[in-house]
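Here's a quick tour of a protein model, written for someone just starting out. Keep the 3D view open and click along as you read.

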Amino acid sequence: MIRIEHLQKKFGDLNVLRDVNAIINKGEVISIIGPSGTGKSTLLRCLNLLDKPTGGSIFINDKDILAKNTNVPQLRQKMGMVFQSFNLFEHLTVMENICLAPVKLLKKSKEEAKKKGYELLKMVGLIEKAEIYPQQLSGGQKQRAAIARCLAMEPEIILFDEPTSALDPTMVSEVLAVIRALAKQGMTMAIVTHRMEFAKDVSSRIFYMDEGIIYEEGTPEEIFENPKKKNTQMFINRIRNFYYRINSADYDLYELNAKAEIFCRKHFFGEKMLRNILLLLEECLQITPLREGADVILEYSEKTNEISLCIELPLIVGSILNGETEPDKISISIINGLTRGLQETLSDEKIILTAIL
């Protein structure tokens, strides 16, 4: 139904979409996830031509919508969009909001539009709100009314741009329930969302966007349970990193400890955990030959609540745990007492020591 080829979008010197390629099939529900500023909403706006792409192609049912002779209003009738803000006309009742476009654009009679409007309001649970004004609705009710208004145009595709981000947490579930119902009916949808559990539950596929591209895509199981690429793994596990480069054995331990402490306090680690991390760091460095330098990486996963310490060294250093020189037994004992044990991994270029608290 939708084919995107080498899509680009620039805002001045800012390259928001670099090279987006994707196919969305009829009846699919695609959730688009990723960090802020990676072009998720821009992608939706380009699909609906609210933002004109800088380069590339978009095909809807094999028709190039970027061609000069494209009937943009007709395209938008087939591709509805629901925004973060509800964009309801405050001077019109809920029913009038829903009937306006079908009457003006689809040339339906007022009676026909109103009959369809009642069907849609029943579907979204707002039939008793038909004749009241938007200011009398809660945020969740406004968004459901906005979805009904979108459906009144009988779209083939609906684009949702963070449909729950402006809502109070108590109102989110009512909007998500409507989107789930649409998914069960086979509506083709692309949903930009930061609600991972919802994306996992409702989607046929997930697009993870990063660096201006669709960085990784797959089924919810593939993306949420077994992501293959590093950035995806970090996002899904909500991993926060602290990195420090040691250039020689004469490094500044006090500076390292101070920066590690700032990282720990930023993520609200308790005093006991803070002390354990700094002690672990000191003991791991105690057994590590630093003459060739090293990279210290502290990682915290919000999803698993795990904290790991990695020390990466050049391969020329040789094995630390199984080398000719036996590491300090007291340091190893302290490390084992604080963690699940110290592991050593050898790759083609590095030796990596890893300890998980």
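Which residues does methionine 189 touch, not counting residues up to four places away in sequence? Its contacts are Glu28, Val29, Ile30, Ile158, Phe160, Ile179, Leu182 and Ala183. Keep in mind that this is a predicted model. With that said, let's start on the inside and work outwards.

**Nonpolar cores**

- The largest nonpolar core is made of 38 residues, and Met189 is among those with the most contacts inside it, along with Leu121, Ile147, Ile158, Phe160, Ile179 and Leu182.
- Quite a few elements chip in: α3, α4 (110-123), α5 (139-151), β7 (157-161), α6 (169-184), β8 (188-192) and α7 (196-202) each supply at least two residues of this core.
- The top contributor is α6, which gives 7 residues.
- There's also a second, separate core, this one with 32 residues, including Phe263, Cys284, Leu290 and Leu353.

**The largest pocket**

- Now look for the largest pocket, which has a volume of about 620 Å³.
- Its lining counts 25 residues, and the ones nearest its centre are Arg76, Met81, Ala101, Arg149 and Met153.
- Four elements give two or more residues to that lining: α2 (72-78), β6, α3 and α5.
- Sorted by class, the lining holds 15 nonpolar, 7 polar and 3 charged residues.

**Phenylalanine 89**

- You'll find phenylalanine 89 in the loop between β6 (79-82) and α3 (94-104).
- Is phenylalanine 89 buried or exposed? It's in between: its relative accessibility is 40%, so it counts as partly exposed.
- Leaving out residues up to four places away in sequence, phenylalanine 89 touches Asn97, Leu100, Pro134 and Arg149. Arg149 may ring a bell, as one of the residues nearest the centre of the largest pocket.
- Phenylalanine 89 and tyrosine 133 sit 44 residues apart along the chain, yet 8.8 Å separates their C-alpha atoms.

**An open sheet**

- Four strands line up as an open sheet in the order β2-β1-β4-β5, with antiparallel pairing.
- The edges belong to β2 (14-24) and β5 (63-64); each has a single partner strand, so one side of each is left without a neighbour in the sheet.
- Further in, β1 (residues 2-11) pairs with β4 (residues 55-60) over 5 bridges, in the antiparallel sense.
- For a close-up of the sheet, find arginine 3, which stands opposite phenylalanine 59 in β4.

**Serine 308**

- Serine 308 belongs to strand β13 (residues 307-314).
- Why does serine 308 count as buried? Its relative accessibility is 13%, and buried means under 20%.
- Its contacts, again not counting residues up to four places away in sequence, are Ile297, Leu298, Glu299, Ala355 and Ile356.

**Two positive phi values**

- As background, most residues other than glycine have a negative phi.
- Glutamate 211 has a positive phi, near 60°. Its place is in the loop between β9 (205-210) and β10 (213-218), and with 45% relative accessibility it counts as partly exposed.
- Asparagine 305 also has a positive phi, near 65°. Its home is the loop between β12 (294-301) and β13, and with a relative accessible area of 54% asparagine 305 is exposed.

Conventions: Residues are numbered from 1 along each chain as its sequence is written. This is a predicted model: local features need pLDDT of at least 70, side-chain atom pairs count only at pLDDT 80 or more; totals for chains, interfaces and linings use all residues. Side-chain values use heavy atoms; hydrogens and water are left out. Buried means under 20% relative accessible area, exposed over 50%, partly exposed in between (1.4 Å probe, protein chains only). Contact means heavy atoms within 4.5 Å. A nonpolar core is a set of buried Ala, Val, Leu, Ile, Met, Phe, Trp, Tyr and Cys residues joined through side-chain atoms within 4.5 Å. On a 1 Å grid over the protein atoms alone, a cavity is a set of points where a 1.4 Å probe fits but cannot get out, and a pocket is an open set with protein on both sides within 12 Å along at least five of seven lines; lining residues have an atom within 4 Å of a point. Grid points are joined across faces, edges and corners, and a volume is the space filled by probe spheres set on the points. Ala, Val, Leu, Ile, Met, Phe, Trp, Tyr, Cys and Pro count as nonpolar, Asp, Glu, Lys and Arg as charged, and the others, Gly among them, as polar. Two strands pair if DSSP finds at least two bridges between them.
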